[in-house]
Amino acid sequence: MGSTKSESYFVFMNYDQEYERLRSNRTKSGEYELDLYISRKHDELLASTLEAGSYKKTTSFAIVDGFIVEITEEQANVLRSAKGVRIVDKYEEIA
């Protein structure tokens, strides 16, 4: 059984054609559209996979289609098997 303590995890997504299309648009409006797209995509993944209120997404990264989320080890294992997820790895801060 996993720990019930929440820790930060990186979540990286699989190839997404729409993400790649938006990322290639280097205009200000293109950057804004990409930020909205990935933030919504990441929020929808978490909402459909984990119980509401049991996690906290801290940031989305446009450059790699990934995000950081505070979750338990058990929730990390659930995310690892979610459709569209490539990697879930514990965030280790280097001092």
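In this predicted model, glutamate 20 is partly exposed, with a relative accessibility of 29%.

**Exercise 1. Classify the partner of glutamate 20 and place the pair in the fold.**

Which side chain meets glutamate 20 in a salt bridge?

Step 1. The partner is arginine 23, with an N to O distance of 3.5 Å.
Step 2. Apply the cut-offs: buried is under 20%, exposed is over 50%, and partly exposed lies in between. Arginine 23 has 33% relative accessibility, so it counts as partly exposed.
Step 3. Both residues sit in helix α1 (residues 17-23). They are three residues apart, so about one helical turn separates them.

**Exercise 2. Find what the salt bridge of arginine 21 ties together.**

With which residue does arginine 21 form a salt bridge?

Step 1. The partner is glutamate 33, and the closest N and O atoms are 4.0 Å apart.
Step 2. Arginine 21 belongs to helix α1 and glutamate 33 to helix α2, so the pair joins parts 12 residues apart in sequence.
Step 3. Check the exposure. Arginine 21 is partly exposed at 45%. Glutamate 33 is also partly exposed, at 38%.

**Exercise 3. Describe aspartate 65 by position, backbone, burial and partner.**

Where is the place of aspartate 65?

Step 1. Aspartate 65 lies in the loop between β2 and β3. This hairpin has four residues between its strands.
Step 2. Its phi is positive, about 50 degrees, although the residue is not a glycine.
Step 3. Aspartate 65 has a relative accessible area of 2%, so it is buried.
Step 4. Its side chain meets that of lysine 41 in a salt bridge at 2.6 Å, N to O. The pair links distant parts of the chain, since lysine 41 is in helix α2, 24 residues away.
Step 5. Lysine 41 is buried too, with a relative accessible area of 16%. Salt bridges with shared partners join Asp16, Lys41 and Asp65 into one network. The whole structure holds seven salt bridges.

**Exercise 4. Reconstruct the sheet and the helices on it.**

In what order do the four strands of the open sheet stand?

Step 1. The order is β2-β3-β1-β4, with antiparallel pairing.
Step 2. β2 (56-61) and β4 (85-90) are the edge strands. Each has a single partner strand, so one side of each lacks a neighbour in the sheet.
Step 3. The twist from one strand to the next averages 20 degrees.
Step 4. Count bridges. β2 pairs with β3 (residues 66-71) over five. β1 and β3 are joined by six.
Step 5. Read the register at phenylalanine 67 in β3. Serine 60 stands opposite this residue. Valine 11 stands opposite phenylalanine 67 as well.
Step 6. β3 is mostly covered, with five of its six residues buried.
Step 7. Add the helices. β2 pairs with β3, and helix α2 (residues 28-49) packs on the sheet, touching β1 (7-13), β2, β3 and β4. Its direction makes about 145 degrees with that of β2. Helix α3 (residues 73-80) touches β1, β3 and β4, and its direction makes about 145 degrees with that of β3.

**Exercise 5. Identify the hubs of the largest nonpolar core.**

Which residues touch the most other members of this core?

Step 1. Val11 and Leu79 do, among 14 residues.
Step 2. The elements β1, α2, β3, α3 and β4 each supply at least two residues.
Step 3. Inspect leucine 79. Leaving out residues up to four places away in sequence, its contacts include Val11, Leu45, Val69 and Val88.
Step 4. Another core, of five residues, lies apart and includes Leu22, Leu34, Tyr37 and Ile38.

Terms used: Residues numbered from 1 in each chain as written. Predicted model: local features only at pLDDT ≥ 70, side-chain atom pairs only at ≥ 80, totals over all residues. Heavy atoms only, no water. Pairing = 2+ DSSP bridges. Axes fitted to C-alpha atoms, helices over the stretch in contact; angles between N-to-C directions. Contact = heavy atoms within 4.5 Å. Buried < 20%, exposed > 50% of the residue type's maximum accessible area, 1.4 Å probe, protein only. Core = buried A, V, L, I, M, F, W, Y, C linked by side-chain atoms within 4.5 Å.
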